[in-house]
Structures are given as structure tokens and as C-alpha cells.
Amino acid sequence: MASQKWILMTTAQTPTNIAVIKYWGKRDEALILAVNDSISVTLDPQHLCTTTTVAVSPMFQSDRMWLNGKEISLSGGRYQNCLREIRSRASEIEDEKKGIKITKKDWEKLHVHIASYNNFPTAAGLASSAAGFACLVFSLAKLMNVQEDQGKLSAIARQGSGSACRSLYGGFVKWVMGNEKNGGDSIAVQLQDEKHWDELVIIIAVVSSRQKETSSTSGMRDSVETSLLLQHRAKEVVPKRIIEMEEAIKNRDFLSFARLTCADSNQFHAVCLDTSPPIFYMNDTSHRIISCVEKWNRSEGTPQVAYTFDAGPNAVLIARDRKVAANLLQRLLYYFPPHSDTDLNSYVIGDKSILGDVGVDEMRDVEALPPPPEAKDQIPAQKQRGAVSYFICTRPGKGPVLLSDESQALLNPESGLPK
């Protein structure tokens, strides 16, 4: 292993994803094997991503991890599964310049330090664990010179968090549930890359960034055990929807895409209500957002926007193009204005240029927005000030990337501890 003073580091960035055909329910808890296929859109990592730095050194005494600056335990089965699977596939590494040589056998004895940072709320229903485990597996695989393709890596990431397998690709991704008992064929495949349908604009209404009351893991377990609707959904409904959704994405058919996305989100939340005890992920603001989109879509005669909600109250709204996205943001700002002392810059984040399309530069422009045409029958249209924490404007994005700029590393190259 040559000199004992070295530290080898890799930093990567991985996007989060939002399912348009939902994964809800496992047929194997330990291996995280789903009861149905699912399809997702990868979100632009510029706006929503996890950055992870992994380091290895003979100086490290144990495996350690820091998430958003706070040390967390790696003793959980999901972390252990990912670490074990990657270590078992590690290859030899030689860096003559640094005097480093690591053999396949050495990897079994060497410890790693991991630092991870989400640029969006953790555990609030924005798939932070998906981006997190995907980034962990991707960066460790690069560090340990693992010679596996993304599909095989996705099967390892899946053992950390089911949805993580879909974050190993950009664009539109399908998690194939597979049939094998060991989960070998339960992998993610890319349906289309992010450039395929790049007119789409995505606006996320962060209704709450608090940690949710019922975790996805326990919620799913209860649904599998008690919901008859879940069984019907997995066997009868989802297989047909998967075929239709693949077709809609391939043909960039927004009408079908929106119909399927909204219906599947609503059915997923119906399964949650059909669970004993019932699970409530959406709240009144979530329902108001649905009502606002449904009313607008109906008044236009054809869908302008699709909505989908994961296991949380936050709305992910997919607009058919940028012009529609500007009209959507105008409606959202009208119905859900911020408190008057809010800085507009922190209320609309991500791709802020859409604010220019709306004609909003400062708070007084928000106050001056006219009611949408379809709101004329509501006198006066009810505004819910402060009901939304903030909006994120984004789009479909690319898969994981390595960051070669050392200044972006989260660990100190001298100590291997967080910067």
C-alpha cells in the first residue's frame, strides 16, 4: 500500500428524481424489491442534487459519514449493504505520482470517510434519500475503480433506497421491478435522455420542508399489509399505465403524459388513505394546488400542467412549455403570495428567469397580479398568504457527474474530515 500518509478522494453530484408512475410497496424488504415498475423524471442537478465526497486512507480508523455537516451512523443495514456490495467489486488502483497502490485485497481493510450535502430539504418528500444513496454508490464506485455499468450500479443503489436506482440516469427512467428472487434483474433503465423533451418546465411548490410524520418505509409496509387497493393497483393498473406512459414520453404526447401523471399521483394517495391506519401525506395547500391546476386545465380544454405528489405535501408541477410555466407561476404567486416581508429572491429559486416572463421583479409586482381568467366565478378569489414556503423552478436534467474541481470537495484533502 506504499506510504501510509496519503488520502485518495472523489467527489460526485447526483440529481434527484420525481416519479410520474409511483413506486409504493415492496415485495422484499431486505433487498428493496418493488411490487410494481415505476417511471420517473430526473430533475436538473443545478437546482436539486446531492454532492458527495468519499475518501479512503490507511490513516482512517473506521467508516464515518457526515450528512449536511452532521455526523450520522453508518451501522444501518442500507448503508452496510451499499458499502459491502461496492467493496466486493473494487479493483486495483495505482497512482505513481502520489505513491499510492491499492490491491483488490487492500480494499477489505481500508476505511472510508463520506460527506454528503443536499441542496434541498432532507426527508420532506423531495426524494433526498434517492439522490443521496445514488450519489454514495456512484462516488464509491469511482473511488474504488468498480468496473460495472450504470444498470448494475443501480441495483446496488436500490438496496439503499428504492428510488435511488432511478437517479443513476438523466432524463426519463424506468425502474424494472424484475422477477428474480435475488433482485439481480431489478434495475433502472433510461427510457429517454434529458434532451428528448426539453420544452418541459417543472415548478415545485415546497409546501413544507419539515420531516414527514410517516416515513416512506413504514408507510409502504403498512400499505402492503392492509390496502386491497395497493394489490389491485400493482396487478391491474400499473402494468397498463407503464406501457401508456412509455409511449407518451416517446411521442412527447403531453395530453396522455398529464392524464397518466395526475391519475397515478391521485391513486398513490388513495392507496395511502386505504391503508390502516390511513396515511395523510398531502395537506389543505396540496389540495388547493390540485384544484387550481384542474380548474385551469379544464378551462383551456386541454391539459397545460401535470401535477404529482410524492410522500409529502410538496407539489411537483410539470408545464408543457416555458410559456405555460410562466402562466403557471403567475397563478401560483396570485393564489399563494409570500408574506409581505419575504425576499422574492428566496421565494422563487432555481431558474429565476421565469419571473421575468411573468413580469415580476419585486414584491409589489406580486401584489398587482390580476386574478386568472378561470377565477372570475370566485368572488373574491381566496389567497393563501404564506401557505407555500418557496417555489423551485427547474427542468428535466442529466444523471450523475464527477466533479474534478477540488474546491468543490466536502472533505479536507489533508485530514479527510469535513471542511
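These notebook entries record what I looked up in a predicted model.

**Entry 1: Ground rules**

I number residues from 1 along each chain as its sequence is written. For this predicted model, local features need pLDDT of at least 70, side-chain atom pairs count only at pLDDT 80 or more, and totals for chains, interfaces and linings use all residues, while side-chain values use heavy atoms and leave out hydrogens and water.

**Entry 2: Domains**

I began with the domain assignment, whose bounds come from an automatic or database source. The assignment gives domain 1 as 8-193 + 404-408 and domain 2 as 201-394. Their centres, taken over C-alpha atoms, are separated by 28 Å. How many residues does each domain bring to the contact? Domain 1 brings 30 residues and domain 2 brings 50 residues, where contact means heavy atoms within 4.5 Å.

I then looked up the buried area (the accessible area, with a 1.4 Å probe, that two parts lose on being put together, summed over both). Between domain 1 and domain 2 the value is about 3,200 Å², and carbon and sulfur atoms give 71% of this area. On the domain 1 side, Ile21, Lys22 and Trp24 lose the most area to domain 2, together 26% of what that side buries.

**Entry 3: Salt bridges**

Side chains of opposite charge can pair when their charged atoms come close. I counted a salt bridge where a side-chain nitrogen of Lys or Arg lies within 4 Å of a carboxyl oxygen of Asp or Glu. The structure holds 21 salt bridges, and three salt bridges are counted between domain 1 and domain 2.

I looked up the pair of arginine 221 and glutamate 29, which meet at 3.5 Å, N to O. Arginine 221 lies in helix α5 (residues 216-226) and glutamate 29 in the loop between β3 (26-28) and β4 (33-34), so this salt bridge ties together parts that are 192 residues apart in sequence. Helices (H or I, at least four residues) and strands (E, at least two) are DSSP runs, numbered from the N terminus.

For accessibility I used three classes: buried is under 20% relative accessible area, exposed is over 50%, and partly exposed is in between (1.4 Å probe, protein chains only). Arginine 221 is partly exposed at 35%, and glutamate 29 is partly exposed at 35%.

Next I looked up glutamate 374 and arginine 331, whose closest N and O atoms are 2.7 Å apart in a salt bridge. Glutamate 374 sits in the loop between α12 (363-367) and β18 (390-394) and arginine 331 in helix α9 (residues 322-335), 43 residues apart. Are these two residues buried or exposed? Both glutamate 374 and arginine 331 are buried.

I also noted a network of salt bridges that links Asp44, Arg322, Asp351, Asp357 and Arg395.

**Entry 4: Aromatic rings**

Arginine 331 appears again here, over the face of tryptophan 296 at 4.0 Å from the ring centre. A charge sits over a ring if NZ of Lys or CZ of Arg is within 6 Å of the ring centre and within 35 degrees of the ring normal.

For ring pairs (Phe, Tyr and Trp, the last by its six-membered ring), centres must lie within 6.5 Å; planes under 30 degrees apart count as stacked, over 60 as edge-to-face and the rest as tilted. By this rule I recorded 12 aromatic pairs. Why is the pair of phenylalanine 172 and tryptophan 197 tilted? Their ring centres are 6.2 Å apart and their planes stand at 35 degrees, so the pair is tilted. Phenylalanine 172 and tryptophan 197 are both buried. These two residues form one aromatic cluster with Phe254 and Phe257.
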